[in-house]
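Grab a pencil and work through these exercises with the model open beside you. Each task comes with a solution in small steps.

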Amino acid sequence: EFCHLCGLEPPVKLDKRHKERLMALPFRKAIELVLPMLRQKVLVTTRDQRSYAAFLRLCEACGDASGGTDMGNSHSGQRSAFKMLAAMNCRRLLIMMQRTLLRERPTAHAAAEELTQLLLATA
C-alpha cells in the first residue's frame, strides 16, 4: 500500500488538470480533501505509533486540529480530483503534497518528509 512494489499496477498519479484544480483550491480546502485520505492510508499501511505521531505532526503543521478526521463539507465540486486522490497509494499522496500543497510551507514539508521516511522504514 505504501510503495509501488506492493502491487502489480503502476501507482496512480494526478494529471496536470487535477493538479491545477487542487492548487486552485484555498490551502485549507485542499488540506481538508487530502488529510482524511492520507490518515486512512497511513492507518492501513502501518500500526507503528511513530508513523501515526508523525502524521499528527503533519496535520498540526498544516493547521488541521482534527488530525485528519474531519472530512469537511461535501467535495462534490472536486469529485474527479477526490477519486484520483483516493486511488493514489500513500507514498504518491505524500509526494504530491510535498511537490504542490506544501512547497511554500517548510514546517509541513519537513513533517511530510519525516512521515515518508518512517513509512519507508516500516514497509
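**Exercise 1. List the buried residues of helix 2, then find what covers them.**

Step 1: pick out the buried residues of helix 2, where buried means under 20% relative accessible area, exposed over 50% and partly exposed in between (1.4 Å probe, protein chains only). You should get Phe-27, Ala-30, Ile-31, Glu-32, Leu-33, Val-34, Leu-35, Pro-36, Met-37, Leu-38, Lys-41 and Val-42. Helices here (H or I, at least four residues) and strands (E, at least two) are DSSP runs, numbered from the N terminus.

Step 2: look at the cover. It includes helix 1 (16–24), helix 3, helix 4 (79–87), helix 5 and helix 6, going by contacts, meaning heavy atoms within 4.5 Å.

A word on the ground rules: this is a predicted model, so local features need pLDDT of at least 70 and side-chain atom pairs count only at pLDDT 80 or more, while totals for chains, interfaces and linings use all residues. Residues are numbered from 1 along each chain as its sequence is written, and side-chain values use heavy atoms, with hydrogens and water left out.

**Exercise 2. Check the span of helix 2 against its 19 residues.**

Step 1: the expected span is 1.5 Å times one less than the number of residues. For the 19 residues of helix 2 that comes to 27 Å.

Step 2: compare with the model. The end C-alpha atoms of helix 2 are 26 Å apart, which agrees.

**Exercise 3. Which residues of the largest nonpolar core touch the most other members?**

Step 1: know what to look for. A nonpolar core is a set of buried Ala, Val, Leu, Ile, Met, Phe, Trp, Tyr and Cys residues joined through side-chain atoms within 4.5 Å.

Step 2: go through the 32 residues of the largest one; Leu-22, Leu-38, Leu-58, Leu-85 and Met-97 touch the most other members. Helix 2 (27–45), helix 3 (49–61), helix 5 and helix 6 (106–122) each supply at least two residues of this core. Its largest share, 9 residues, comes from helix 2.

Step 3: zoom in on Leu-38. Leaving out residues up to four places away in sequence, Leu-38 touches Phe-55, Leu-58, Cys-90, Leu-93, Leu-94, Met-97 and Leu-115.

In soluble globular proteins, nonpolar side chains tend to be buried together.

**Exercise 4. Why is helix 5 described as largely enclosed?**

Step 1: count. Helix 5 is largely enclosed by the rest of the structure because 7 of its 10 residues are buried.

Step 2: name them. They are Cys-90, Leu-93, Leu-94, Ile-95, Met-96, Met-97 and Gln-98, and they pack against helix 1, helix 2, helix 3, helix 4 and helix 6.

Step 3: take Leu-94 of helix 5. Leu-94 counts as buried, at 0% relative accessibility. Its C-alpha atom is separated by 8.4 Å from that of Leu-115, 21 residues apart along the chain.

**Exercise 5. Is Gly-63 buried or exposed?**

Step 1: find Gly-63 in the loop between helix 3 and helix 4.

Step 2: read its relative accessible area, which is 51%, so Gly-63 is exposed.

Step 3: the C-alpha atoms of Gly-63 and Ile-31 are separated by 8.9 Å, though the two are 32 residues apart along the chain.

**Exercise 6. How many helices and strands does the protein have?**

Step 1: there are 6 helices and 0 strands, giving the pattern α-α-α-α-α-α along the sequence.

Step 2: of the 123 residues, 41% count as buried.
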